[in-house]
Amino acid sequence: METAKKAGADHLSLCDTNGGCFLDEIYNITKEVCEKLNMSVGIHCHNDCGVAAANSIYAVKAGADHVQGTFTGFGERCGNTCLTNVIGDLQAKMGIICIPTENLSMLTRMAAEISEIANYKLSKREPFVGKYAFVHKGGMHIDGVSKAPKSFEHINPEIAGNQRRFLTSEVAGRSTIISITRKIAPYIEKNSKECELVMEKLKEMEFLGYQYEGADQGFELLIRKTIGKYKPFFTLETFKIIGQYDQQVRLTPEELSKETAAAVIKVRVKGKSEITAAEGMGPVDALDKALRKALEVFYPQLSTVRLTDYKV
């Protein structure tokens with residue numbers, strides 16, 4: 001380090017490249033270098049012990065003015081320092097400016113966009129920017145956070161561009177269920193028969209394996225069907241999927257993008273039946289196209305709707 005300084009280096013970066021150091025080691029080493037050399041010092045940590053972000057924060061506490069990492073922590077082996085964690089901790093918690101203050105609320109959106117571009121699956125439980133970072137499920141938790149957010153949230157979610165969400169489940173509590181149900185039927189009270197029916201139906205469906213956490217529209221349909229507010233717009237009479245896959249054939253990327261499945265579907269709308277067929281890149285795509293083609297005969301506005309994602 002002294003040699004680098006004498007040679008004219010503007011900045012020195014301490015590298016824990018094998019990710020094996022702990023907080024006290026990083027702090028003591030960084031502090032010694034900063035005090036002895038009196039110049040700009042940075043920190044470069046890897047996450048092999050699961051403490052890269054914490055190590056980077058302790059290096060800053062010891063005098064480092066520069067943190068190296070990747071935005072969502074991806075990298076070789078166990079990854080690099082996750083900069084969304086470091087920015088959130090340093091700026092939102094410690095008041096140390098890392099990025100322009102007005103950009104802090106872009107943290108969640110940028111983490112999602114960068115992960116999409118990098119084809120990296122961002123953990124739903126990632127601090128500050130994860131989908132579950134400010135999600136509450138248990139009835140007591142929801143009641144507590146409604147009355148005193150700091151009891152279950154270390155910062156306001158909006159600071160990092162995230163949002164608070166209450167998940168729908170059998171343990172969500174009657175207050176959560178009633179708040180959602182009242183959007184459909186404002187007259188329903190906490191102790192009404194309809195509310196009890198919704199609670200029982202939710203428990204029944206979750207026992208069968210259904211999950212409504214993050215499926216708000218699905219839960220709304222469940223409520224409507226349970227309390228008699230559901231209006232069916234079509235009836236599915238029958239469908240058939242035809243697919244082909246030969247493991248002996250090695251397909252090229254171009255061939256993989258071709259339509260490999262077909263679906264035939266029959267629906268009934270207002271007493272009239274419509275049967276259509278379509279091809280797609282896999283059975284879900286084929287079913288989506290066939291269903292859309294059948295329903296567009298009755299509901300032309302569906303031509304503007306697109307299936308963007310699905311989970312199995």
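In the predicted model, strand S1 (residues 12–16) pairs with strand S2 in the parallel sense over five bridges, where two strands count as paired if DSSP finds at least two bridges between them, and where strands (E, at least two residues) and helices (H or I, at least four) are DSSP runs numbered from the N terminus. Within this pairing, Leu 12 lies opposite Val 41 of S2. The connection from S1 to S2 passes through helix H2 (residues 23–37) and forms a right-handed β-α-β crossover, that is, with the strands pointing away from the viewer, the path from the first strand over the helix to the second runs clockwise. Residues are numbered from 1 along each chain as its sequence is written. Local features of this predicted model need pLDDT of at least 70, side-chain atom pairs count only at pLDDT 80 or more, and totals for chains, interfaces and linings use all residues, while side-chain values use heavy atoms, with hydrogens and water left out.

Strand S2 is also joined to strand S3 (residues 66–68) by three bridges, the two running parallel, with Gly 42 opposite His 66. From S2 the chain reaches S3 through helix H3 (residues 52–61), in a crossover that is right-handed. Five of the five residues of S2 (residues 41–45) are buried (under 20% relative accessible area, 1.4 Å probe, protein chains only), so the strand is largely enclosed by the rest of the structure. Val 41, Ile 43 and Cys 45 cover one side, and Gly 42 and His 44 the other.

A further open sheet comprises three strands in the order S6-S7-S8, with antiparallel pairing.

Note on methods: Buried means under 20% relative accessible area, exposed over 50%, partly exposed in between (1.4 Å probe, protein chains only).
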